[in-house]
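Biologist: I am new to this structure, and I would like a close look at a single part of it, followed by an account of how that part sits within the rest. Please take me through it step by step and in connected sentences.

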Amino acid sequence: VDLAKESGVFVATQVSIYIPPVNVSGKIDLVVINPETQKYQIIEVKSVYGFNANSVMGTDAQRKSGILGEPRDSHLMQLGIYQWWYGNPNNFDPGILVYGARDTGKYAEYLITVEHDEESGEDYIFYQGNAPCITEKVNSGISLQNIMRNYKLILDSLESGEIPERDYC
């Protein structure tokens, strides 16, 4: 937030978001303006540390070869929801998911988009490494409609007082 303010791109922080049909709320870490496109961008910042940091940021050897790790599904879903509900309808640039290692100081940055698939009729979360190296865009396989169906199932179960079925064996 301080760096965004110092660089003159800061728009807002802790922006509340609410999705009434499934009673889901959250807070966007940071909204900035992209100085190259003059469009807004949603930024989510996650801290990691230890051995698990390599899975999302890539090992030293991977990074030297231009390979980053993979963002965590929960983080993709969080930013994907924000981008889909708030960013896409307002013509924002791709969201940015930033990982920072508390122990080593390394970081990794991913661009996050939500794109409509005509064949399935669903909107999928894509990610692409942006820094320290640029990677190919990857479809996470996570659709926003599937996330919303799960939230709706939980909400319906809560309202009916019935425990939902397990979502895995």
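Modeller: Two strands are said to pair if DSSP finds at least two bridges between them, and strands here are DSSP runs of at least two residues, numbered from the N terminus. With that in hand, the part to look at closely is strand 2 and its partners, in what is a predicted model.

Strand 2 covers residues 24-33, and 7 of its 10 residues are buried, so this strand is mostly covered. On one side, strand 1 (residues 10-19) runs antiparallel to strand 2, and 8 bridges join them; within that pairing, Ala-12 has Val-31 of strand 2 as its bridge partner. On the other pairing, strand 2 and strand 3 also run antiparallel and are joined by 4 bridges, with Val-32 bridged to Gln-41 in strand 3.

Each of these pairings is a hairpin. Strand 1 and strand 2 have 4 residues between them, whereas strand 2 and strand 3 have 6 residues between them. In the turn of the hairpin between strand 2 and strand 3, Gln-38 has a positive phi of about 65°. In the turn between strand 1 and strand 2, the residue to find is Asn-23, which has a positive phi of about 55° although it is not a glycine. Asn-23 is partly exposed, with a relative accessible area of 48%, because that value falls between the 20% under which a residue is buried and the 50% over which it is exposed.

From strand 2 the view can move outward to strand 3, which spans residues 40-48 and holds Lys-46. Although lysine carries a polar side chain end, the label for Lys-46 is settled by its area alone: Lys-46 counts as buried because its relative accessible area is 16%, which is under 20%. The side chain of Lys-46 makes a polar contact of 2.7 Å with the side chain of Gln-78. Apart from residues up to four places away in sequence, Lys-46 touches His-75, Gln-78, Leu-97, Val-98, Tyr-99 and Gly-100. Two of the elements that come up again below can be placed here, since helix 4 covers residues 73-87 and strand 4 covers 95-101.

Strand 1 has a link of its own to helix 4, through Trp-85, which is placed in that helix. The C-alpha atoms of Trp-85 and Tyr-18 are separated by 8.9 Å, while the two residues are 67 residues apart along the chain. A polar atom of the Trp-85 side chain lies 3.2 Å from the backbone oxygen of Tyr-18. Leaving aside neighbours within four places in sequence, Trp-85 is in contact with Ile-17, Tyr-18, Ile-19, Pro-20 and Pro-21. Trp-85 nevertheless counts as partly exposed, because its relative accessibility of 33% lies between the cut-offs of 20% and 50%.

Now for the nonpolar residues. In soluble globular proteins, nonpolar side chains tend to be buried together. In this model the largest nonpolar core has 33 residues, of which Met-57, Tyr-110, Ile-112 and Ile-125 touch the most other members. Helix 4 gives the most to this core, with 5 residues. A second, separate core of 7 residues includes Ala-4, Leu-30, Ile-43 and Val-98.

Stepping back to the whole, the protein has 5 helices and 7 strands, and along the sequence they follow the pattern α-β-β-β-α-α-α-β-β-β-β-α. The radius of gyration is 17 Å, close to the 15 Å that the globule rule gives for 169 residues, so the protein is as compact as a globular protein of that length. Its C-alpha trace spans about 50 × 35 × 35 Å along the principal axes. Of the 169 residues, 40% count as buried. Among contacts with a separation of 6 or more, 47% are between residues 24 or more positions apart.

Finally, two features outside the close-up deserve a look. The peptide bond from Ala-131 to Pro-132 is cis, with omega near 5°, and Pro-132 is placed in the loop between strand 6 and strand 7. Asn-91, in the loop between helix 4 and strand 4, has a positive phi near 60° and is a residue other than glycine.

Conventions: Residues numbered from 1 in each chain as written. Predicted model: local features only at pLDDT ≥ 70, side-chain atom pairs only at ≥ 80, totals over all residues. Heavy atoms only, no water. Buried < 20%, exposed > 50% of the residue type's maximum accessible area, 1.4 Å probe, protein only. Polar contact = N/O pair within 3.5 Å; in protein donor to acceptor, adjacent residues only side chain to side chain. Contact = heavy atoms within 4.5 Å. Core = buried A, V, L, I, M, F, W, Y, C linked by side-chain atoms within 4.5 Å. Rg over C-alpha atoms; globule rule 2.2 N^0.38 Å.
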